[in-house]
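User: I'm new to this one and would like to know why things get the labels they do. Could you walk me through it?

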Amino acid sequence: MELDPVANRPPPPWPAWHRIAFRFAATYLVLYNLPFPASLIPGFWKLAGAYRSLWFRVVPWVGSHVFGATITVHPNGSGDTTFNYVQVFCFAVAAVVATLIWTLIDRKHREYSRLHDWLRIFVRFSLASTLIQYGAIKVIQSQFPDPGLDRLLQPFGDASPMGLLWTFMGASKGYNVFTGAAEILGGLLLTTRRTTLLGALVALGTLANVVALNLCYDVPVKLFSIHLLAMAVFLVLPDAARLSRMFLLGQAVEPAVVRPVFVRRELNRAALIVRTVWVVGYTMLMLANAQSGRHKYGDLAAKPAFYGIWNVEGFVLNGMAHPPLATDVSRWQRVIFDYREVLAIQDMSGSRRRCAMTLHTDTKTIALKKRDDPDWSGYLAYSQPDSTTLTLQGTAGPDSVQVSLRRVEAPNFLLRTRGFHWINEYPFNR
């Protein structure tokens, strides 16, 4: 890409459909990406919070009056809640209305080349910040940690598609680094105008894979990843004709035109400095945050007090002792303490259920909750005569339980120990 020696010449007029499409795309992309960049600037967090609060009022109202849906769940890590779908509908309607008003009141502009340049800058950096953030948590392996004990003991067929994907990704540090580095590379390339097309193409490839995984493994960020992919497509579109002539027709193409952002050279130099400082600082911050998250929630986090695998040696349910029969799914087979705030229980069939756990060492009690059943709760008193035995007594939902546990050594799971081999005389497919 090179600077256009006649960059100040008037751009050719756009067709009417082109202008209308741009008005809609500009409005929708701005609405969807806000409150970026205010959400990344400490002094503007209140402004970003006010923007989100606006939609927290509008979206439930639209959901109720337009779709007859009662929205009680706000964005919470899943990007595919009813709230998210109704919000996207609101963005689209707002963009249509804005496009109509814009078209009616703006009849003199025959093109929006300069406004398009600024919109591209906004989309470039919004997409770049997301790619760098998600790339960092993959490179550091805080998004997909090593499979935990309860995951490794879970029957293969009992896993959800998303759980299988998380296990697949977490089992390989190398693949985490590879995919994360690709996302960071795409994000970094998007931050400079000369490498924007290359960055958009890298992002297009990585995000197409992400969207496919989210759709095929039912990961609840489908809307979000599809929008990221659409932004990469938006950035590639101005060069689509040139790319088609070069790759499909084998024709020579003209260099791309890069117009200066500002007329004054001093402002362009200042923008270059600000851009460079932001890119370096933001990338380092995302890597540091990912490392911090790994220490808080990942494989480097502090282990719970009873970390390990505990076999159930005695089980009394509602006053009745249950022997270890494979057909008795009401009996616990083992209890796994893997994370500080999670307790995993396997029944005699091997099926696993996880409970949110709060351990109170002062009263020697464990409070339990289920994420998918807010009405369910448990409360267990514990005693530990020695390091290998543990007893639990109390309630688990509507039932009373008494459980005698014995700690066992974790097996040498093949998924952890197989490693890498250049030479395989036969496929090692187990």
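Analyst: Let's start with a term we'll need right away: two strands pair if DSSP finds at least two bridges between them. One bridge in this predicted model links Leu-392 with its partner in S11, Val-403.

User: What makes strand S10 and S11 a pair?

Analyst: Count the bridges. Strand S10 covers residues 389–396, and 8 bridges join S10 to S11. Pairing takes at least two, so these strands qualify. They run antiparallel. The two strands also form a hairpin with 2 residues between them, and Gly-397 has a positive phi near 70° there.

User: Which other strand pairs with S11, and how do you know?

Analyst: That's strand S3, residues 308–317. It shares 8 bridges with S11 (residues 399–408), again in the antiparallel sense. The cut-off is at least two bridges, so this is a pair as well. Along it, Leu-317 sits opposite Val-401 of S11.

User: What comes in the loop between S3 and S4?

Analyst: Asn-318 is in that loop. Its phi is near 55°, which is positive although the residue isn't a glycine.

User: Why is Asn-318 called partly exposed?

Analyst: Its relative accessible area is 45%. Buried means under 20% and exposed means over 50%, so a value in between is called partly exposed. Asn-318 is therefore partly exposed at 45%.

User: What makes a positive phi worth pointing out?

Analyst: Most residues other than glycine have a negative phi. Gln-141 is another residue with a positive value, near 65°. You'll find Gln-141 in the loop between H4 and helix H5 (149–153).

User: Is Gln-141 buried or exposed, and how do you know?

Analyst: Gln-141 has a relative accessible area of 5%, so it is buried. The limit for that label is under 20%.

User: Why does Ser-113 count as buried?

Analyst: Same kind of check: Ser-113 has 9% relative accessibility, so it counts as buried. Ser-113 belongs to helix H4, residues 113–139. Setting aside neighbours within four places in sequence, Ser-113 is in contact with Pro-11, Trp-14 and Arg-259.

User: And why is Asp-239 put under the buried label?

Analyst: Because its relative accessibility is 10%, Asp-239 counts as buried. Asp-239 lies in the loop between helix H9 (222–236) and helix H10 (240–247). With neighbours within four places left aside, its contacts are Leu-197 and Ala-256.

User: Why is Pro-323 called partly exposed?

Analyst: Pro-323 has a relative accessible area of 46%, so it is partly exposed. That label covers values between the 20% and 50% cut-offs. Pro-323 is in the loop between strand S4 (320–321) and strand S5 (332–339). Residues up to four places away aside, Pro-323 touches Asp-328 and Arg-331. As for Glu-313, it is 10 residues from Pro-323 in sequence and 8.9 Å away in space, C-alpha to C-alpha.

User: What makes up the nonpolar surface patch?

Analyst: Val-66, Phe-67, Phe-89, Val-93, Val-97, Ile-101, Leu-104 and Ile-105 make it, over about 750 Å². Helix H3 (residues 82–105) gives the largest share, 6 residues. Phe-67 is in the loop between helix H2 (45–66) and H3.

User: How do you know that Phe-67 is accessible enough for a patch?

Analyst: A patch residue needs over 30% relative accessible area. Phe-67 has 46%, so it is partly exposed and clears that bar.

User: Where are the cis peptide bonds at Pro-35 and Pro-37?

Analyst: One runs from Leu-34 to Pro-35, with omega near 10°. Another joins Phe-36 and Pro-37, with omega about 0°. Pro-35 is in the loop between helix H1 (16–33) and H2, and Pro-37 is in the loop between H1 and H2 too. Most peptide bonds are trans.

User: How far can I trust the coordinates? What is the average pLDDT?

Analyst: The chain averages a pLDDT of 93, and 98% of the residues score at least 70. Over residues 1–6, though, the pLDDT is below 50, and this stretch has 14 contacts beyond near neighbours in sequence. Where pLDDT is low, the predicted coordinates should not be read in detail.

User: What does the chain as a whole come to?

Analyst: The chain has 12 helices and 11 strands. Of its 430 residues, 38% are buried.

Methods:
Residues numbered from 1 in each chain as written. Predicted model: local features only at pLDDT ≥ 70, side-chain atom pairs only at ≥ 80, totals over all residues. Heavy atoms only, no water. pLDDT = per-residue confidence, 0-100. Contact = heavy atoms within 4.5 Å. Helix = DSSP H or I, 4+ residues; strand = E, 2+ residues; numbered from the N terminus. Buried < 20%, exposed > 50% of the residue type's maximum accessible area, 1.4 Å probe, protein only. Patch = residues over 30% accessible without salt bridge, like charges linked within 9 Å, V, L, I, M, F, W, Y side chains within 5 Å. Areas by Shrake-Rupley, 256 points an atom, 1.4 Å probe, with all protein chains shown as cover. Salt bridge = Lys/Arg side-chain N within 4 Å of Asp/Glu carboxyl O.
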